[in-house]
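Me: I've got a structure I'd like to walk through with you. Can I throw some questions at you as I look at it?

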Amino acid sequence: MPPVRRPLAGIAALGAAALIAGCGGGSDSSSADDFRQEADEICADANSRLDTLTEPTSGAAVLPFLQEGLTIQADELERIRALDPPDDLQPAFDE
């Protein structure tokens, strides 16, 4: 069921783009480039994990598929929020 996967991937991509632009945190990035690199690594890891999910082949498999995807995205969000953006990116991150 590729149509199910595309929306999930789209949500992940939109969420990742929004998170890279700004959300709130704690690790200690020293520059905008460092911050973006850390965020990119988190997003790449989440995307790799999403790619390993088995696409549902029945209606009963759709909900578990989506729940797994949401778990991965929740972890991604938590890791992004733990980043400490540089001052010039803080306002967008907090948004």
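Me: Let's start with one side chain. Is Glu38 buried, partly exposed or exposed?

Reply: Keep in mind that this is a predicted model. Glu38 sits in helix H2. Its relative accessibility comes out at 25%. Buried needs under 20% and exposed needs over 50%, so Glu38 counts as partly exposed.

Me: How far apart in space are the C-alpha atoms of Glu38 and Leu83?

Reply: Along the chain, Glu38 and Leu83 are 45 residues apart. Through space, their C-alpha atoms are separated by 7.9 Å.

Me: Stepping back a bit, what pattern does the protein follow along the sequence?

Reply: There are four helices and zero strands in the protein. Reading along the sequence therefore gives just helix after helix. Written out, the pattern is α-α-α-α.

Me: And what share of the contacts with a separation of 6 or more comes from residues 24 or more positions apart?

Reply: For background, the protein has 95 residues, and 32% of them count as buried. As for those contacts with a separation of 6 or more, the share from residues 24 or more positions apart is 78%.

Me: On to the aromatics. Which residues form an aromatic pair, and is it stacked or edge-to-face?

Reply: Searching the whole structure turns up one aromatic pair. The partners are Phe35 and Phe93, with 5.4 Å centre to centre and 80 degrees between the planes. Planes over 60 degrees apart count as edge-to-face, so the Phe35 and Phe93 pair is edge-to-face.

Me: How many residues apart in sequence are the parts that this pair ties together?

Reply: Phe35 belongs to helix H2, residues 32-51, while Phe93 belongs to helix H4, residues 90-94. The pair therefore links parts of the chain whose separation in sequence is 58 residues.

Me: Are those two rings buried or exposed?

Reply: Phe35 has 0% relative accessibility. Phe93 also has a relative accessible area of 0%. Buried means under 20%, so Phe35 and Phe93 are both buried.

Me: Which element gives the largest share of the largest nonpolar core?

Reply: The largest nonpolar core has nine residues, including Phe35, Phe93, Ile80, Leu83 and Leu89. Ala32, Ala39, Ile42 and Cys43 are in this core as well. Its largest share is five residues, and these come from H2.

Me: Ile42 is in that core. Which residues does Ile42 touch, leaving out those up to four places away in sequence?

Reply: Ile42 is listed in the nine-residue core together with Ile80 and Leu83. Both of those are among its contacts, and the full set is Glu76, Arg79, Ile80 and Leu83.

Me: How do H2 and H3 run relative to each other, roughly parallel or roughly antiparallel?

Reply: Two packed helices are described by the angle between their axes and the distance between the axes. Here the axes of H2 and helix H3, residues 59-81, come within 10 Å and cross at roughly 170 degrees. Angles over 145 degrees count as roughly antiparallel, so H2 and H3 are roughly antiparallel.

Me: What residue classes make up the contact of H2 with H3?

Reply: On the H2 side, the contact is made by Ala39, Ile42, Cys43, Asp45, Ala46, Arg49 and Leu50. H3 brings Gly69, Ile72, Asp75, Glu76, Arg79 and Ile80. By class, that gives seven nonpolar, one polar and five charged residues.

Me: Now two residues of H3. Is Phe65 buried or exposed?

Reply: Phe65 lies in helix H3. Its C-alpha atom is 9.8 Å from that of Leu50, which is 15 residues away along the chain. At 2% relative accessibility, Phe65 is buried.

Me: And Gln73, buried or exposed?

Reply: Gln73 is in helix H3 as well. Its C-alpha atom and that of Leu50 are separated by 8.6 Å, with their positions 23 residues apart along the chain. The relative accessible area is 13%, and the cut-off for buried is under 20%, so Gln73 is buried.

Technical notes: Residues are numbered from 1 along each chain as its sequence is written. This is a predicted model: local features need pLDDT of at least 70, side-chain atom pairs count only at pLDDT 80 or more; totals for chains, interfaces and linings use all residues. Side-chain values use heavy atoms; hydrogens and water are left out. Rings of Phe, Tyr and Trp (its six-membered ring) pair if their centres lie within 6.5 Å; planes under 30 degrees apart count as stacked, over 60 as edge-to-face and the rest as tilted. Helices (H or I, at least four residues) and strands (E, at least two) are DSSP runs, numbered from the N terminus. Buried means under 20% relative accessible area, exposed over 50%, partly exposed in between (1.4 Å probe, protein chains only). A nonpolar core is a set of buried Ala, Val, Leu, Ile, Met, Phe, Trp, Tyr and Cys residues joined through side-chain atoms within 4.5 Å. Contact means heavy atoms within 4.5 Å. Axes are lines fitted to C-alpha atoms, for helices over the stretch in contact, and angles run from 0 to 180 degrees between N-to-C directions. Angles under 35 degrees count as roughly parallel, over 145 as roughly antiparallel, 65 to 115 as roughly perpendicular and the rest as oblique. Ala, Val, Leu, Ile, Met, Phe, Trp, Tyr, Cys and Pro count as nonpolar, Asp, Glu, Lys and Arg as charged, and the others, Gly among them, as polar.
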